[in-house]
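Visitor: I'd like to poke at the labels people hang on a model. Could you show me one and defend the wording?

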Amino acid sequence: MPWFGMDIGGTLVKLVYFEPYDILSEESQEAETLSKIQHYLKSNSAYGATGKRDAHLQMDNVEIQGHVGTLHFIRFPTSEMRVFLELAKSKGIATLASTVCATGGGAYKFEEDFKREVNLELHKFDELDSLICGIHYIEANCEEECYYFNNPLNEELCEKKHFDFSNPYPFLVVNIGSGVSILAVYAPGHYKRVTGTSLGGGTFLGLCCLLTGCETFEEAIALAEMGDSTKVDKLVRDIYGGDYPKFNLQGDTVASSFGNMISKDRVGAASKEDLARATLVTITNNIGSIARMCAVNEGIVKVVFVGNFLRVNPISMKLLAYAMDFWSKGTLKALFLEHEGYFGAVGCLMELMKTGC
């Protein structure tokens, strides 16, 4: 049977498919159908109008519960769940499995849809347990999964460098999806949720849609890359005429997000790109501030940022890297993982295979 892990979030569904080599080598009707599914997955990088396979993240020759195979990573908007169910039915996926493992809020929201449309039961797993499990598994099985940035805000000197995460504990996980959850991890299976915020990736996209008329996360990020947030935000120099050295506040530090929008002249001068950039900076700075305070309170120096908010979003990653280093005077390090938002799906997949379902 095929093994699928799904993390059904408020904005995006992350799907992980494990292709077991041993079953594909068998001569059976099931193996033939699996082979057709595999051919479809590997011959396409897009499914329908919105489904995408992140081929660059594919993991070959990995072992899960005694089976060796390939992990494939696919994503699509949660709003397109009905289209996914139709695809699962047409490709024969539903005929091979009676149970699919799922995590995230959508595992509850769409449970009846799976049963009614494709006669599949959802085996539900806790999303935070799955997240931590997935991080541990992928980091242990993927070389150079963890990385950080040197000189993040200097275009000429910025370097993406591998970080040795073999001795990780304790570390903080900042999971940025539609909202944000922050977890302190002390050992395998030993973690706690420290706090969270409702201002996350969903907030960024929602505000960008309202302010700029864009429709997708990719469009919003593309606009932000071309914008100048200083035309929208009020900076320290706008208030003090320069730096505020007593508290080490540089003149280009944001003093008030969107603070310049109280002026009609400034509103008229701000482009869609500027508004998108300011929105991205606002959300990112808020997440960074909360993460730094949590790290200080917990006495943790390694802060791992994950989640699909960081996909195709180097602006936020570099801002977070700079903020962690600057405001902690070098005592905190912002770390990132290549598989970003897929850890929950991987974690629940592993839990499903352990149960033998």
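**Sheet, helix and a buried ring**

Guide: Sure, and keep in mind that this is a predicted model. There is an open sheet of 7 strands with mixed pairing, in the order E10-E9-E17-E16-E11-E12-E13.

Visitor: What makes E10 and E13 the edge strands?

Guide: Strand E10 (159-162) and strand E13 (190-197) each pair on one side only. Across this sheet, neighbouring strands are turned by 30 degrees against each other on average, direction ignored.

Visitor: Why do you say that E9 and E10 pair?

Guide: Pairing takes at least two bridges. Strand E9 (residues 146-150) and E10 have 4 bridges, in the antiparallel sense, so they count as paired. In one of these, Tyr147 has His162 of E10 as its bridge partner.

Visitor: Why is Phe163 called buried?

Guide: The cut-off is under 20% relative accessible area. Phe163 has 18%, so it is buried. Phe163 sits in the loop between E10 and E11, and its contacts include Cys146, Tyr147, Lys333 and Leu335. Cys146 is 17 residues away from Phe163 in sequence, yet their C-alpha atoms are 5.4 Å apart.

Visitor: What lies across E9, E11, E16 and E17?

Guide: That's helix H13 (residues 314-327), running at about 155 degrees to E17.

Visitor: How do you know that the length of H12 agrees with what a helix should span?

Guide: At 1.5 Å a residue, the 27 residues of H12 (residues 272-298) should span 39 Å. The end C-alpha atoms are 39 Å apart, so the two values agree. After H12 comes Gly299, with a positive phi near 70 degrees.

How values were computed: Residues are numbered from 1 along each chain as its sequence is written. This is a predicted model: local features need pLDDT of at least 70, side-chain atom pairs count only at pLDDT 80 or more; totals for chains, interfaces and linings use all residues. Side-chain values use heavy atoms; hydrogens and water are left out. Helices (H or I, at least four residues) and strands (E, at least two) are DSSP runs, numbered from the N terminus. The expected span of a helix is 1.5 Å times one less than its number of residues. Axes are lines fitted to C-alpha atoms, for helices over the stretch in contact, and angles run from 0 to 180 degrees between N-to-C directions. Contact means heavy atoms within 4.5 Å. Buried means under 20% relative accessible area, exposed over 50%, partly exposed in between (1.4 Å probe, protein chains only). Lists of a residue's contacts leave out its neighbours within four places in sequence.
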